Amino acid sequence: MGKFQVIDHPLIQHKLTIIRDKNCGTKVFREVVDEIAMLMAYEISRDMPVEDIEIETPIVKSVQKTLTGKKVAIIPILRAGIGMVDGILELIPAAKVGHIGMYRDEETLEPHEYFIKMPDDIDSRQLLVVDPMLATGGSAIMAIDSLKKRGATNIKFVCLVSAPEGVKALRDAHPDVDIYTAALDDHLNENGYIVPGLGDAGDRLFGTK
């Protein structure tokens with residue numbers, strides 16, 4: 001079973017409170033989502049493989065650690081996932097970015113895929129699938145289904161706020177995928193929104209209704 005981790009660092013908790021507030025405007029919301037994503041990327045990258053390399057310090061020759069160059073791709077689920085990409089790229093600037101577009105049927109709450117564009121070599125990359133919210137889990141499950149169909153095997157899912165229902169659904173559908181979240185909230189309401197949550201992340205990122 002993949003890892004499930006709540007990254008509840010004090011800085012992340014503080015920043016999450018800022019964006020949960022309904023009075024937080026679009027500009028600050030966007031900036032803080034980026035900041036949280038960057039802080040989360042620090043923890044998510046903790047198990048990146050390293051190897052020995054010989055260098056020369058100003059004092060002496062020395063064997064030190066360097067990243068092995070395991071390639072990373074960030075896959076935002078459109079549209080809200082875009083809000084987390086720049087923050088992760090701050091820490092992992094060589095990562096490629098793929099996009100997967102999903103929309104949720106307002107009646108059935110079922111997700112539908114409408115767009116996908118990936119780097120050629122996703123089968124050999126560590127993929128970080130990002131979406132601010134893990135609510136019902138439907139979009140995440142469908143996105144990961146699509147990636148696996150295209151040969152991806154090494155996938156982590158990264159979100160800001162999750163509901164227990166979504167976590168369970170994603171773990172049941174994709175038990176091999178690690179899940180990282182900044183908060184595990186209480187439950188989903190009858191409209192499929194996370195409670196207490198932060199509302200519709202896409203609308204709040206992009207100033208739409």
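Biologist: What share of the accessible surface of the protein belongs to carbon and sulfur atoms?

Modeller: In this predicted model, 53% of an accessible surface of about 11,000 Å² belongs to carbon and sulfur atoms; areas come from the Shrake-Rupley method with a 1.4 Å probe, and for residues only the protein chains shown count as cover. Local features need pLDDT of at least 70, side-chain atom pairs count only at pLDDT 80 or more, and totals for chains, interfaces and linings use all residues. Residues are numbered from 1 along each chain as its sequence is written, and side-chain values use heavy atoms, with hydrogens and water left out.

Biologist: What makes the radius of gyration agree with a compact globule?

Modeller: The rule, over C-alpha atoms, is 2.2 Å times the number of residues to the power 0.38. For 209 residues this gives a value near 17 Å, and the protein has 18 Å, so the two agree.

Biologist: Why is the span of α4 called close to the expected one?

Modeller: The expected span is 1.5 Å times one less than the number of residues. Helix α4 (residues 138-149) has 12 residues, for which 16 Å is expected, and reaches 17 Å from its first C-alpha to its last. Helices are DSSP runs (H or I, at least four residues), as are strands (E, at least two), numbered from the N terminus; the protein has 6 helices and 13 strands.

Biologist: Which residues of α4 are buried?

Modeller: They are Gly138, Ala140, Ile141, Ala143, Ile144, Ser146 and Leu147, buried meaning under 20% relative accessible area (1.4 Å probe, protein chains only). Across the protein, buried residues make up 44% of the 209.

How values were computed
Buried means under 20% relative accessible area, exposed over 50%, partly exposed in between (1.4 Å probe, protein chains only).
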